[in-house]
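These are my notes from looking through one structure, entered in the order in which I looked things up. I wanted to know what holds the interior together, where the open spaces lie, and how a few single residues sit.

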Amino acid sequence: MADETAPSTSARPRPPAALTTAPGYQVRRLYQAYLAVWIRAVDPLLTGPQFAVLQVVDASPGHDQRSLASAVALDTSTMTDVARRLEKRGLIVRRTAADDGRRKLLYLTEEGKQTLDDANRRARLLDEQLLEPYGPQQRDDITNLLASLADHWEQLTQDG
């Protein structure tokens with residue numbers, strides 16, 4: 001006799017409303033999908049945090065690792081790891097500051113500049129693809145809303 005209480009395996013279970021109405025769940029879904037698309041469309045070896053670090057080093061060459069970490073929303077230990085990986089790949093150089101041997105100053109290499117230029121071009125195409133269903137005003141609204149939400153959530157981590 002079959003167990004009539006066993007769920008049917010023919011239909012995939014749907015997430016319950018308690019999940020789908022939770023902003024964190026939707027953010028996680030977006031991030032998971034973004035990572036999967038990033039790997040295919042932008043660069044399978046360059047991670048989002050690495051891309052962000054290349055961006056900020058390009059915009060602020062010679063600044064120290066710690067100050068650049070906050071600019072890309074990384075903690076200092078993650079930044080150290082990311083910078084070491086980028087240096088190992090030949091994309092940045094880390095130089096010790098003359099006035100403080102503990103500070104590492106970051107600079108892009110020529111290969112780093114080329115990698116960033118290529119990734120930037122592909123990332124902008126991906127941005128277009130991601131926001132394709134929306135018009136220019138909606139795209140601005142979405143981006144502003146996401147930035148506002150990120151600012152608020154980051155502030156919550158500071159409140160004690």
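Entry 1, Phe51. By contact I mean heavy atoms within 4.5 Å. The model I am reading is a predicted one. With that cut-off in hand, I looked up Phe51 and, setting aside neighbours within four places in sequence, found it in contact with Trp38, Leu46, Leu116, Ala119, Asn120, Ala123 and Arg124. Phe51 belongs to helix α3. I then asked whether Phe51 is buried or exposed. Its relative accessible area is 9%, and since buried means under 20%, Phe51 counts as buried. I also noted the spacing to one of its partners: the C-alpha atoms of Phe51 and Ala123 are 9.7 Å apart, although 72 residues separate the two along the chain.

Entry 2, the nonpolar core. I next looked for the largest nonpolar core, which has 25 residues, and I recorded Val53, Leu54 and Leu86 as those with the most contacts inside it. Two or more of its residues come from each of α2 (23-41), α3 (48-59), α4 (65-71), α5 (76-88), β2 (100-108) and α6 (110-130). Of these elements, α3 gives the most, with 5 residues. As a general reminder to myself, nonpolar side chains in soluble globular proteins tend to be buried together. To see one core residue in its surroundings I took Leu54, which touches Leu46, Leu86, Leu91, Ile92, Leu108, Thr115 and Leu116 when residues up to four places away in sequence are not counted.

Entry 3, the largest pocket. Which residues lie nearest the centre of the largest pocket? I found Val27, Leu30, Tyr31, Tyr34 and Leu146 there, within a lining of 31 residues, and the volume of this pocket comes to about 1,600 Å³. The lining draws at least two residues from each of α2, α3, α6 and α7 (136-158), and α7 supplies the largest share, 10 residues. Sorted by class, the lining residues are 25 nonpolar, 2 polar and 4 charged.

Entry 4, the second largest pocket. Here the volume is about 180 Å³, and the lining consists of Asp64, Gln65, Arg66, Thr76, Met79, Thr80, Asp100, Arg102, Arg103 and Lys104. The elements giving two or more residues to this lining are α4, α5 and β2, with the largest share, 4 residues, coming from β2. I counted the classes in this lining as 1 nonpolar, 3 polar and 6 charged.

Entry 5, Gln65. I followed one lining residue of that second pocket, Gln65, which is found in helix α4. Its relative accessibility is 8%, so Gln65 counts as buried. What does the side chain of Gln65 make a polar contact with? The partner is the side chain of Arg94, at 3.1 Å. Beyond its neighbours within four places in sequence, Gln65 is in contact with Met79, Thr80, Ala83, Arg94, Lys104 and Leu106.

Entry 6, Thr20. Lastly I looked at Thr20, which lies in helix α1 (residues 17-20). Its relative accessibility of 34% falls between the 20% and 50% limits, and therefore Thr20 counts as partly exposed. With neighbours within four places again left aside, Thr20 is in contact with Pro15, Tyr25 and Gln26.

Conventions
Residues numbered from 1 in each chain as written. Predicted model: local features only at pLDDT ≥ 70, side-chain atom pairs only at ≥ 80, totals over all residues. Heavy atoms only, no water. Core = buried A, V, L, I, M, F, W, Y, C linked by side-chain atoms within 4.5 Å. Buried < 20%, exposed > 50% of the residue type's maximum accessible area, 1.4 Å probe, protein only. 1 Å grid on protein atoms, 1.4 Å probe; cavity = no way out; pocket = protein on both sides within 12 Å on 5 of 7 lines; lining within 4 Å. Points joined across faces, edges and corners; volume = space filled by probe spheres on them. Nonpolar A, V, L, I, M, F, W, Y, C, P; charged D, E, K, R; others polar. Polar contact = N/O pair within 3.5 Å; in protein donor to acceptor, adjacent residues only side chain to side chain.
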